[in-house]
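Subject: Handing over the structure

Hello,

Here is the structure I promised to pass on to you. Have a look at it first, and then read my notes below.

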Amino acid sequence: MENSINKMTPNQRPLSQISAFHRLMDEKDIALVYCGEFSQELNKTLLAFTERKFKAENLEDNTRRRIFNIMVELLQNMSKNKVEITEDTPEVSAIFMLGTHNNEFLLMSSNMISNDKIQPLKSRLDQVNSLDKEGLKQLYKDVRLTSSFNDTSGAGIGIIDIARKAESRLEYNFEELDARYSLFSLLIRIVN
Amino acid sequence: MNTQAQEDLKFISQVRKDMNENQLMLSYRGDMSHEIVMALLNLSERNLNQTNFDSSIKSRVFSVMVECLQNITQHSEKSEHGRSNMFMIGFSESGYMVYSGNVVKSDKVEELKLKITQINTMSEDELKEFYKFWIKNEAVTGKSGFGLGLIQIARKTGNPLEYDFEQLDNDHYFFSLRTLVDH
Amino acid sequence: MEIINIAATEDTPKIVLDHQQGIFEISGRSLPEDVVVFYAPVMQWLDDLVKNPINNLELSIKLEYFNTASSKLILDILLKLEEIFQNGTPLKIKWFYNASDSDMKEAGEEYSEIVSLPLEITEFQA
């Protein structure tokens with residue numbers, strides 16, 4: 001086997017390494033990973049994929065809708081907050097993951113974000129995490145009335161919407177990369 | 001934040017690291033029905049169109065993706081091991097990589113190994129004649145005589161097919177295939 | 001003769017076999033789950049054609065993509081037409097390929113090496 005791979009370049013990993021990654025996906029019940037650049041176009045295709053997959057698996061309409069709606073907001077936030085990777089920025093690709101475990105669905109994302117967006121985002125996340133269903137409903141109404149169209153911080157109504165639909169705590173962290181950028185990771189748990 | 005959440009968040013970074021190291025952009029694991037194959041193709045096609053590869057390269061990659069995916073829908077075995085079907089794509093300076101994997105019955109392993117080894121020793125012309133022979137001689141039953149799909153994958157990539165069989169139990173192996181289309 | 005008019009979908013080609021309008025065409029993409037089921041009406045139509053041959057039939061094959069399962073069916077279609085041709089009915093296949101798709105051109109050439117009937121390979125600009 002090895003001797004027929006004379007075309008393998010130095011940066012091409014052995015198949016066994018990919019197999020190891022596959023096993024990891026199996027262990028953690030990860031169904032889909034997309035790593036790269038997120039745009040409107042790509043988001044549309046990711047959504048279409050997920051919709052089709054869940055339909056094929058006869059997932060309950062209600063759960064499907066919840067996951068789908070959360071994904072829309074999540075992906076939109078990712079493309080809105082997108083940091084163009086240049087020579088001056090850290091080279092960290094954005095990633096989106098979809099997992100299922102027992103009766104739970106996990107939506108995960110991680111992407112670069114400019115440091116000036118951290119505070120409003122963190123505040124919003126902590127705020128939604130502290131509210132119950134009623135509180136979230138009220139907050140949603142309040143923000144919808146007062147938010148401006150120019151709110152590009154991603155800390156607007158999207159996060160509130162995600163929290164309402166997830167009906168669970170939004171887990172997140174920020175990891176500083178340099179003076180201007182950090183890595184923002186988000187994990188959303190949806191119980192069927 | 002509880003420790004489970006912390007672990008989960010760290011896990012996202014690990015996956016990113018693995019994806020980057022293996023130069024992968026898309027990774028799917030799970031059921032593989034025709035519906036899901038079509039959905040994956042649409043997603044992959046989008047990714048493919050983002051590259052600036054020649055259109056003939058793109059259509060070759062597309063062919064390879066279809067054959068890999070449809071091989072899985074046709075030949076995949078259900079296994080209680082929780083090892084599910086895999087499909088991953090990525091690209092780098094070397095070219096475009098398509099990786100697919102599925103569970104197969106033990107009694108299919110030797111045959112499959114022989115076929116791939118055989119294909120891997122053939123030249124472009126030999127593969128062409130081989131293809132012409134089998135297209136005439138296979139019955140159209142859905143499960144092909146030799147595996148036109150494998151022959152076409154080899155022809156389209158122009159590279160040896162890299163494969164692996166991992167034993168799961170007495171009756172099952174996990175078969176993985178990696179193909180590279182140069183650009 | 002029946003008239004077949006099947007619209008293209010994301011995984012199956014457009015098929016028009018219309019003897020009244022004189023249009024015979026297979027175009028688009030072919031990667032259905034079950035090729036036998038999909039192409040059954042075409043094979044049936046070809047069996048009818050053997051019994052009721054049409055003079056100077058011109059079949060246009062203009063495929064963007066076809067999977068290996070479809071490639072067998074396409075061969076079956078060409079073999080049926082070869083039978084009709086060798087029985088004395090003039091007909092022609094026009095195999096189209098997109099200018100940038102050398103593989104599709106080659107696929108046409110391969111089919112012409114396997115079957116014996118007039119198969120014209122023509123480029124088109126998308």
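**Chain A, to begin with**

Along its sequence, chain A runs through the pattern α-β-α-α-β-β-α-α-α-β-β. That gives six helices and five strands for chain A. Please keep in mind as you read that this is a predicted model.

Chain A has 192 residues, and 34% of them count as buried. Among the contacts in chain A with a separation of 6 or more, 72% are between residues 24 or more positions apart.

One residue of chain A makes a good stopping point: A:Ile160, which sits in helix 6 (residues 157–166) of chain A. Is A:Ile160 buried or exposed? A:Ile160 has 24 other C-beta atoms within 10 Å, and 20 are enough to count as buried, so A:Ile160 is buried. If neighbours within four places in sequence are set aside, the contacts of A:Ile160 are A:Val128, A:Leu136, A:Leu139, A:Tyr140 and A:Val143. You may also like to find A:Glu73, which is 87 residues from A:Ile160 along the chain; the C-alpha atoms of the two are separated by 9.8 Å.

**Where chains A and B touch**

Next, please turn to the contact between chain A and chain B. On the chain A side 44 residues take part, and they are in contact with 47 residues of chain B. Several elements of chain A each supply at least two residues to this side, including helix 1 (15–27), strand 1 (30–36) and helix 2 (40–56). Strand 2 (94–101), strand 3 (104–114), strand 4 (171–176) and strand 5 (181–191) of chain A also do so. Which element of chain A gives the most to the side that touches chain B? That is helix 1 of chain A, with 10 residues. Sorted by class, the chain A side is made up of 21 nonpolar, 14 polar and nine charged residues.

The two chains also share strand pairing. Strand 1 of chain A pairs with strand 1 (residues 26–29) of chain B, in the antiparallel sense and over three bridges. To see one of these partners, look for A:Leu32, whose bridge partner in strand 1 of chain B is B:Tyr28.

**A hairpin in chain B**

Within chain B, strand 4 (residues 162–167) and strand 5 (residues 172–182) run antiparallel and are joined by six bridges. These two strands of chain B form a hairpin, with four residues between them. In this hairpin, B:Asp164 stands opposite B:Ser176 of strand 5.

**Where chains B and C touch**

Chain B meets chain C as well, in a contact that takes 19 residues from chain B and 22 residues from chain C. On the chain B side, two or more residues come from each of helix 2 (34–50), helix 3 (55–75), helix 5 (124–137) and helix 6 (148–157). Helix 3 of chain B gives the most here, with eight residues. By class, the side of chain B that touches chain C has six nonpolar, eight polar and five charged residues.

**Chain C and its sheet**

Chain C has three helices and six strands, in the pattern β-β-β-α-β-α-β-α-β along the sequence. Its radius of gyration is 14 Å, close to the 14 Å that the globule rule gives for 126 residues, so chain C is as compact as a globular protein of that length. Its C-alpha atoms fill a box of roughly 35 × 25 × 25 Å along the principal axes. Of the 126 residues of chain C, 33% count as buried.

The six strands of chain C make an open sheet with the order 1-2-3-4-5-6 and mixed pairing. Why is one side of strand 1 (4–6) and of strand 6 (119–124) left without a neighbour in the sheet? Both stand at the edges, each with a single partner strand, so one side of each has no neighbour there. From one strand to the next, the twist averages 20°.

Strand 5 (residues 91–98) of chain C runs parallel to strand 6 of chain C, and six bridges join them. Here C:Asn98 has C:Phe124, in strand 6, as its bridge partner. Helix 3 (residues 102–114) of chain C packs on the sheet, where it touches strand 4 (57–66), strand 5 and strand 6 of chain C. The direction of this helix makes about 175° with that of strand 6 of chain C.

Enjoy exploring it!

Best wishes

How values were computed
Residues numbered from 1 in each chain as written. Chains lettered and ligands numbered in written order. Predicted model: local features only at pLDDT ≥ 70, side-chain atom pairs only at ≥ 80, totals over all residues. Contact = placed C-beta atoms within 7 Å. Nonpolar A, V, L, I, M, F, W, Y, C, P; charged D, E, K, R; others polar. Pairing = 2+ DSSP bridges. Buried ≥ 20, exposed ≤ 12 C-beta atoms within 10 Å, placed from the backbone. Axes fitted to C-alpha atoms, helices over the stretch in contact; angles between N-to-C directions. Rg over C-alpha atoms; globule rule 2.2 N^0.38 Å.
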